[in-house]
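Biologist: Please take one part of this model and look at it closely. Then connect that part to the rest, with the cut-offs stated as you go.

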Number of protein chains: 2
Amino acid sequence: MASYTAPLRDMRFVLYELLEGDRLTGLPGYEDFTRDVIDPVLEEAGKICAEVLHPLNRSGDEEGCTLENGVVRTPAGFKTAYDLFRDGGWTALACDPAYGGQGLPAMVNILVIEMICSANLSFGMYPGLSQGAYEAVHGHGAQALKDRYLPRLVDGTWAGTMCLTEPHCGTDLGLLRTKAVPQEDGSYRVTGTKIFISAGDHDLTENIVHLVLARLPDAPKGIKGISLFLVPKVIPREDGGLGPRNGVTCASIEHKMGIKASSTCVLTFEDATGWLVGTPHKGMRAMFTMMNAARMAVGVQGLGVAEAAYQGAAAYARERLQGRALSGAKRPDLPADPLTVHADVRRMLLTQRASVEGCRALAAWVAWHQDLEMRHPDPRARQEAGDFVALMTPIVKALLSDLGFEGASLGVQVLGGHGYIREHGMEQYVRDARITQIYEGANGVQALDLVGRKLPANAGRSLRRFFHPVSAYIEASMDNDDLAPFVMPLAKAFTRLQQATAQVARAGMANPDEAGAAASDYLRLFGLTALAFLWTRMAETALAKADDDPDGFYAAKVATARFFMDRMLPQSGALFSAVMAGGASMMDFDEAAF
Amino acid sequence: MASYTAPLRDMRFVLYELLEGDRLTGLPGYEDFTRDVIDPVLEEAGKICAEVLHPLNRSGDEEGCTLENGVVRTPAGFKTAYDLFRDGGWTALACDPAYGGQGLPAMVNILVIEMICSANLSFGMYPGLSQGAYEAVHGHGAQALKDRYLPRLVDGTWAGTMCLTEPHCGTDLGLLRTKAVPQEDGSYRVTGTKIFISAGDHDLTENIVHLVLARLPDAPKGIKGISLFLVPKVIPREDGGLGPRNGVTCASIEHKMGIKASSTCVLTFEDATGWLVGTPHKGMRAMFTMMNAARMAVGVQGLGVAEAAYQGAAAYARERLQGRALSGAKRPDLPADPLTVHADVRRMLLTQRASVEGCRALAAWVAWHQDLEMRHPDPRARQEAGDFVALMTPIVKALLSDLGFEGASLGVQVLGGHGYIREHGMEQYVRDARITQIYEGANGVQALDLVGRKLPANAGRSLRRFFHPVSAYIEASMDNDDLAPFVMPLAKAFTRLQQATAQVARAGMANPDEAGAAASDYLRLFGLTALAFLWTRMAETALAKADDDPDGFYAAKVATARFFMDRMLPQSGALFSAVMAGGASMMDFDEAAF
């Protein structure tokens with residue numbers, strides 16, 4: 001089975017050499033997060049991921065979750081691992097110190113999330129969903145709800161879920177039917193069926209806090225009549241202890257392609273007692289806060305799986321002897337050369353590597369802006385950072401999950417037939433990664449969010465938060481000869497992105513289907529351009545340190561940057577052509593002919 | 001669960017309208033294969049696939065194969081289905097009438113293979129491997145071997161396998177260790193371990209004929225010391241009945257990502273009795289005959305799965321109501337519009353469709369040349385057709401399996417969360433399709449075969465068999481205004497392919513790693529160009545019939561061709577750039593840094 005080692009060297013490069021991790025301490029509330037504090041957190045996270053979570057990844061996939069007599073059980077070892085995880089304070093990592101959290105900056109937390117997802121994506125779903133519930137209550141709940149629920153979500157004795165989807169509606173939540181009827185004591189009775197509820201029921205915690213979208217009796221139709229409710233599995237007593245079971249049961253669990261150790265439940269709410277979170281009929285707004293953080297996290301899930309797949313493929317390719325280098329035997333002392341001598345194997349490994357390292361930098365770059373948005377003393381800086389985060393969130397979600405799936409699949413290919421066999425663990429990465437392109441808004445929906453909401457928002461204000469710094473960087477770097485092999489292709493891709501943006505805006509204004517037809521290719525073009533910007537900056541950073549490179553880290557970074565420019569960025573040209581071709585060939589097709 | 005209907009209308013279009021199915025009867029031995037004969041074969045094949053094989057696809061995946069007390073069992077229903085399949089004469093379809101076969105032309109047989117793979121890829125493995133064994137014995141066996149084994153392989157009472165891979169060698173067969181020791185009676189004792197043996201053991205037939213690569217005691221080292229042996233599971237008696245069990249046992253079966261109803265065995269040969277097939281030490285040559293046919297079939301496996309995935313996705317998209325068209329509600333009478341109104345859903349469906357229909361045309365086009373190669377009375381025409389087949393085989397294998405996997409994955413995406421749930425059957429297509437990129441030579445090996453063997457072969461003679469007709473067609477069509485939207489992008493892609501070919505030849509001559517670095521992207525560029533040629537010809541054919549199009553078949557064909565040109569063919573530009581960038585960024589990367 002493939003092993004996993006947290007890529008701490010690269011994470012520190014991203015944090016402190018590429019980005020501005022050292023400036024975190026300048027943000028109010030982050031004063032304590034010096035390198036001396038952050039590095040041990042990353043190291044300890046790497047340790048629990050490699051030693052506790054990853055060894056359960058394969059066995060969890062084989063065993064899956066079970067539902068018997070109304071009780072959902074996670075695979076062997078998950079409860080013990082969760083207890084260690086919780087006792088280590090990992091559930092509290094990114095939470096508000098006012099409720100027992102450790103207040104870790106988002107830029108650091110996103111790296112911890114990556115490690116958890118590399119080690120065991122299914123396991124990560126449980127604390128991940130709890131974090132979503134925490135954020136909804138923290139952001140929108142009344143103080144009494146916060147006081148009652150947040151400390152338990154933070155210390156991990158209780159878990160959480162997000163209950164959105166119903167059998168007849170996933171993407172289109174306007175159709176949802178679950179009802180909430182107000183009671184005299186200020187609570188509500190919630191009735192309805194929710195499907196695809198991740199971590200919907202399990203045996204890791206004594207209680208589960210469901211955040212449920214439902215309609216009040218007087219709700220307007222559609223998306224503007226949805227409210228958010230907190231519905232605990234077990235109703236807490238006044239003294240904080242556990243009271244009676246609530247009217248929510250797990251009707252069944254889904255049998256899925258992957259993330260089999262994550263329970264995916266059909267939950268039946270029957271007159272379940274709940275409490276309103278936020279304002280009546282404004283549930284979607286509260287849900288979106290939560291969903292934006294979750295979308296970042298799902299992108300990073302794809303990244304995490306791709307990193308693990310890269311490690312598995314690289315380890316195999318270094319050791320497996322098969323064939324000889326086309327240019328002559330490299331290891332005549334052995335019966336055959338290792339796979340790494342073959343150009344096509346290198347192509348696959350470098351594609352995985354360039355994806356993973358680029359996406360890590362992108363996620364951390366956006367997370368740094370989350371920190372600025374939350375913590376910067378200047379409201380204008382907060383707004384600018386917030387604009388950037390809003391713009392980039394759908395890109396991170398879709399690009400990282402698409403590249404994550406592609407990277408996982410390349411990992412299988414490097415192993416050949418052995419990659420297809422379950423015991424090697426590589427095919428699981430493909431199955432696990434596949435969900436990240438779907439949930440938290442399918443990637444096509446992310447693309448529509450980008451072209452339909454984020455581009456036009458505030459007359460393009462968000463867009464400028466990406467375009468201005470990239471444009472300025474290109475201009476400033478144009479005369480740097482060492483950087484030309486990177487800046488030139490970046491500039492070409494960026495010009496294409498600018499033209500495609502104008503085209504999407506213009507054509508979409510006249511006919512919204514044109515924006516829809518361009519959306520997915522446009523998002524990928526945008527994402528590749530963002531990666532090109534970061535790869536250029538990474539190359540610049542690494543080139544500056546080329547003279548002090550005992551372990552070859554910087555040389556590998558520059559070589560990977562070249563590979564990205566030579567062999568991956570050309571995709572931007574194809575995406576540009578596809579966007580510019582317009583949507584007629586899609587929209588004219590007779591529906592009856594499908 | 002997704003259903004399957006054989007795409008007979010499109011198959012007839014490819015056979016008789018696009019290609020020269022009506023000319024089959026002009027080839028010696030094919031005189032009887034008029035439309036009146038062929039159409040019922042296709043219809044009956046479609047029927048058994050839809051009614052017998054497809055209903056076992058999901059259940060076979062869930063149950064898988066089992067090994068108990070040395071006996072391998074296929075999932076419930078497989079034996080009954082196989083008996084029906086055999087009794088219907090389907091195992092004899094493409095075989096030599098001299099041994100009881102029906103001698104169906106390859107161009108028709110490839111369509112039948114597609115249907116079987118759409119309906120139940122795992123099931124198709126059993127007769128598929130038998131066909132491989134049949135071809136090896138038919139092409140290289142002594143007459144006595146043929147007389148004894150072929151009638152049983154043809155009538156399907158016995159099955160076959162191809163035993164190549166060993167634990168330490170897959171792609172690099174030069175490393176193989178299985179030994180064959182000659183006996184006084186002219187037989188051999190075969191000893192060794194073979195892994196990944198598809199259909200290696202099962203309960204469908206009373207005997208299994210293993211074609212085994214092994215070394216004779218005096219064999220030269222490496223690939224030139226390999227011989228091919230026929231090793232039956234049960235040794236036939238002189239009278240043709242079954243004698244004693246031979247020394248071959250199934251040590252274990254693999255647990256795989258997909259094709260779970262196909263048994264994949266570790267076979268142990270211990271002094272098993274075998275007979276030489278062909279010449280000593282020339283086993284690889286015999287194996288390659290078989291492998292070329294198998295490679296075509298594996299490509300078509302990918303196509304078949306992609307067709308089934310397209311059908312499942314299209315059916316879902318037509319019925320699932322979710323959201324409203326961006327340009328305003330299309331079905332205000334319903335609570336929401338069907339998914340087919342959304343441009344991005346159309347993008348996915350049309351990508352699937354354009355892939356599938358293009359690949360079907362490509363496979364049939366190559367298969368037509370197989371027929372010409374086998375049957376044409378003029379030796380020069382046979383050679384030219386053979387050159388074309390040799391050139392295109394690695395492209396069909398790699399392109400169709402890659403697009404097959406991508407199409408299957410798009411099918412999941414169209415269904416969203418429901419696609420990820422096992423009961424819908426869509427995720428199985430992804431898992432099943434994934435193997436087609438790996439076995440019968442991983443796709444990277446196909447790419448090396450193309451650039452390393454097929455391009456330089458006979459001073460580029462094979463290459464001209466593609467380049468000349470495409471070039472002539474473009475020239476002849478340049479003034480056809482109706483065809484301009486198709487010919488122009490085809491010409492552009494073709495120019496790129498020509499330039500890339502020159503570059504690969506030139507750079508590869510100087511440094512073979514350059515050819516290796518370009519290979520995969522070059523193969524895909526070649527494949528896309530071939531699809532562009534066929535899509536242009538399909539558009540031309542359909543445009544000519546636009547006035548008599550009651551069911552909209554030709555209109556849909558033209559629209560799909562436009563989609564291919566607008567939104568898929570631009571990839572050729574990116575692939576061209578990647579090829580032209582050269583391999584330095586791959587080969588310079590320090591191996592230790594992986």
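Modeller: Start at the rotation axis, where B:A574 comes closest of the residues of chain B, with its C-alpha at 2.8 Å. This is a predicted model, in which local features need pLDDT of at least 70, side-chain atom pairs count only at pLDDT 80 or more, and totals for chains, interfaces and linings use all residues. Residues are numbered from 1 along each chain as its sequence is written, chains are lettered from A and ligands numbered from 1 in the order written, and side-chain values use heavy atoms, without hydrogens and water.

Two copies of a chain are related by a rotation about an axis and a shift along it. Here, chain B falls on chain A after a rotation of 180 degrees with 0.0 Å of shift along the axis, at an RMSD of 0.0 Å. That is the relation of a two-fold axis. The fit is by least squares on C-alpha atoms of residues with pLDDT of at least 70 in both copies. The same surface serves both copies, as 100% of the contact residues of chain B recur in chain A.

Now the interface itself. Chain B puts 93 residues into the contact, and chain A puts in 93 residues; contact means heavy atoms within 4.5 Å. About 7,800 Å² is buried between chain B and chain A, 58% of it on carbon and sulfur atoms. That area is the accessible area (1.4 Å probe) lost on putting the two parts together, summed over both. On the side of chain B, B:Y420, B:R567 and B:F594 lose the most area to chain A, together 12% of what that side buries.

Next, the core. The largest nonpolar core counts 424 residues, and A:F466 and B:F466 have the most contacts inside it. Such a core is a set of buried Ala, Val, Leu, Ile, Met, Phe, Trp, Tyr and Cys residues joined through side-chain atoms within 4.5 Å. Buried means under 20% relative accessible area, exposed over 50%, and partly exposed in between (1.4 Å probe, protein chains only). Helix α5 (residues 106-140) of chain A gives the most to this core, with 19 residues. Beyond four places in sequence, the contacts of A:F466 include A:W365, A:F388, A:F494 and A:F526.

UniProt, in an unreviewed entry, lists residues 470-590 of chain A as "domain: Acetyl-CoA dehydrogenase-like C-terminal". UniProt positions follow the numbering used here, feature names are shortened, and annotations may be inferred rather than shown by experiment. Residues 470-590 of chain A are 81% helix and 0% strand, with end C-alpha atoms 42 Å apart. Helices (H or I, at least four residues) and strands (E, at least two) are DSSP runs, numbered from the N terminus.

The entry also lists "domain: Acyl-CoA dehydrogenase/oxidase C-terminal" at residues 282-449 of chain A. That span is 76% helix and 0% strand, and its end C-alpha atoms are 19 Å apart. A:D337 sits in the loop between α7 (283-319) and α8 (343-375) of chain A. At 0% relative accessibility, A:D337 counts as buried. A polar contact of 2.9 Å links the side chains of A:D337 and A:R324. The term covers a pair of N or O atoms within 3.5 Å; within protein, one must be able to donate a hydrogen and the other to accept it, and residues adjacent in sequence count only if both atoms are side-chain atoms.
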